Structure formats: C-alpha cells, structure tokens
Amino acid sequence: MRLDKFLADMNMDSRSNLKKAIRKGNVTVNGSQVKDPGAGVERTDRITYFGQEVRYETEQYIMLNKPKGVLTATMDKKQETVMDLLDPDRRKDLFPVGRLDRDTTGLLLITNHGELAHRLLRPKSHVDKTYQALIRGCVDEKIVEAFAGGLQVDAELSAMPAKLVIHPLPTLQEAEERFPDLEEETRALLEQAWMEENLSASNQKDATSSEGKGLQNCPSKVISYISITIHEGKFHQIKRMFEAVDMEVVELKRITMGGLTLDDDLAPGESRALTEEEVSIILSDGKLL
Ligand code: URA
C-alpha cells in the first residue's frame, strides 16, 4: 500500500498533512528517510512518523457518542450517517456494530473487525446492553416484574427477561445533561411533573432504585426515568417492549454494551479509539480472548 495511506489508516493526520510531512522528510521506512507519499510499503515495515514508530493495526475499534438525527449505516444518499461523523481520512472498511434508531443516542462501537461484530450481534451471544430512558407515564413495579419475566411484545417478538430499574425523576437541567437535544415534548412533561405533582425530596427518595426493595410507586405519573438492560437487540426492541405495556419511550440513550461503557467526556457526535483495556474487554465479550 502507499506510505501516506499506511499513516492515514492509523489516523496519524489528514491525508494532505501526511503528504506534506512525508515530503518534508519526517517519515522513515525501515530506517531510511522516504520523501515520496506514494512509495509502496508493507504492513510489516518499520515506519516512523516524527520519530515515533507507527505499527499497522489490522483491526480498529472506535467508540462514538451517537447524537440524535443521524442514521446508523455505513452510507446513505440522503441522510447523514454515523460514519460521516468520523475523520474523513478514516479507513474505509469501518462499520457500526448493530444499530441505534435515528432518535436514539449514546454508545456505538465502530470497527472493521467483522468476526467480533458477528459474535457480539448473533442472537445466542446475549451481550448485555444498558440504556437510560425517559418514558411517558408511570413506570411502576408491575412493569418491572413484567419485564423481568420476559414479555410477549407482539406476534413476532417474545422478549427475553430484561432488568428495569426505576430512578428518581431528574430535574429539567439534569435531564438536559443526560439526554442530548431533549425534545420539546419531553421538556414539557418534565416541567409538568415538577410543577403539578410538586415532587418532594421525600417521594423522590422512595424511588432511588427499585433494586432490593419492595413494591414502589413511580415518582411521577406523567414521566418516568429508568434504566433497562436487555440481552438481545431486536428491531426497536425497547420501544416495542414499552408499547406492549401501553407506554411510550420519549428519550433513549445507550450507556453500555457488554463490558464497554460510554465515555462521559465524549460530547454527542464525538468519537475516540478504544483504549487497549477496552479492546480486551470487548474482545472478551465476543469470546475472542
Ligand atoms: N431499542 C430501541 O427501541 N431503539 C434503539 O435504538 C435501541 C434499542
């Protein structure tokens, strides 16, 4: 492959900056300076960039904080896709692992490791995925129990048991921090909940967590804040599960996938390479380590 492609694949800089750096003599191949960006190199060649060795990694792993309004696809003629949010000089063999709906935000793994993607997504893998959500209406312990028992969602989907946790209702400000681009409708529901229902510190305390406690009421009748862990990933799964109990998901954000957790420092639309530790975690989730 070309020398500039080798370095671009490893995300060292944009292709045009790399060409300049190579021409200026900042790159060596097997100990010798090479000034031709189009010089042919092998993946096994020892290449330095500004004195630093750059190894060619065959597999790449990127964590994206998916924003709203972006399609999870490798390309689309009309709509912006998650791939458009990455560096334009990225490798062209990257793709998103699984799918988040257009209006769902949060953790999305992007890789070129086909076998890992296959293993994480195949139904028998049961890789846990945790989401935070705001739900229109009152999520109570009956719904927690129904989800825990596995739900016949519709004719096609019989959901595996899912773990639902009811949290105290966030203030409008907290909700804005947790859910990017909060819908007007959600904002109105939260305002209504805090104003009309006059939520007090004491009834908030009741709902700190549904774990390990007896039956609880939802903190608000109009909107609920929950987290849900599912072990499968069927089309619109969480939205369909709530529809089956006559409720509506108004905000949905994925926080974890297997042992991988969304980096809080990534703003919506931002991405970064996984750390070595995170790569090991996700490879173990895919039983590749
Ligand atoms: N469940 C959904 O309904 N939507 C998503 O994007 C992910 C899970």
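Buried residues account for 49% of the 289 residues in the protein, which is described here from a predicted model. The fold comprises 9 helices and 15 strands. Measured out along the principal axes, the C-alpha trace spans about 70 × 40 × 35 Å.The ligand offers a natural place to look next. It sits in the second largest pocket, where the residues surrounding the ligand are L100, D101, T104, Y131, H236, Q237, I238, K239 and L252. Sorted by class, this shell holds 4 nonpolar, 3 polar and 2 charged residues. Polar contacts to the ligand involve both side-chain and backbone atoms of the protein. An N or O atom in the side chain of T104 lies 2.9 Å from an oxygen atom of the ligand. A polar backbone atom of H236 is 3.3 Å from a ligand oxygen, while a nitrogen atom of the ligand is 3.1 Å from a backbone N or O atom of I238. Of the 240 Å² that the ligand exposes when taken alone, the protein buries 96%.

Which helix gives the most to the shell around the ligand? That helix is α8, spanning residues 237-244, with a contribution of 3 residues. Helix α8 is itself mostly covered, since 6 of its 8 residues count as buried under the 20% cut-off for relative accessible area. The buried residues of α8 are Q237, I238, K239, R240, M241 and F242. Among them, Q237, I238 and K239 also belong to the set of residues around the ligand.

The chain just after α8 brings a change of backbone geometry to attention. There, D246 takes a positive phi of about 60°, and D246 is a residue other than glycine. As general background, most residues other than glycine have a negative phi. D246 lies in the loop between α8 and β13, the latter covering residues 248-257. With a relative accessible area of 74%, D246 is exposed, because this value is over the 50% cut-off.

A positive phi also appears at F50, which is not a glycine and has a value of about 50°. The loop that holds F50 runs between β3 (47-49) and β4 (52-54). Is F50 buried or exposed? At 54% relative accessibility, F50 counts as exposed, because the cut-off for that class is over 50%.

Two further loop positions complete the picture, Q60 and M12. Q60 is found in the loop between β4 and β5, where β5 covers residues 61-66. The relative accessibility of Q60 is 7%, so this residue counts as buried, being under 20%. A polar atom of the Q60 side chain lies 2.6 Å from the backbone oxygen of D9.

M12, in turn, is located in the loop between α1 (3-9) and α2 (15-23). Its relative accessible area is 26%, and M12 is therefore classed as partly exposed, a label for values between the 20% and 50% cut-offs. Along the chain, M12 and T44 are 32 residues apart, and their C-alpha atoms are separated by 17 Å.

Terms used
Residues numbered from 1 in each chain as written. Predicted model: local features only at pLDDT ≥ 70, side-chain atom pairs only at ≥ 80, totals over all residues. Heavy atoms only, no water. Near = heavy atom within 4 Å. Polar contact = N/O pair within 3.5 Å; in protein donor to acceptor, adjacent residues only side chain to side chain. Areas by Shrake-Rupley, 256 points an atom, 1.4 Å probe, with all protein chains shown as cover. 1 Å grid on protein atoms, 1.4 Å probe; cavity = no way out; pocket = protein on both sides within 12 Å on 5 of 7 lines; lining within 4 Å. Sits in = over half its atoms within 2 Å of the grid points. Helix = DSSP H or I, 4+ residues; strand = E, 2+ residues; numbered from the N terminus. Nonpolar A, V, L, I, M, F, W, Y, C, P; charged D, E, K, R; others polar. Buried < 20%, exposed > 50% of the residue type's maximum accessible area, 1.4 Å probe, protein only.
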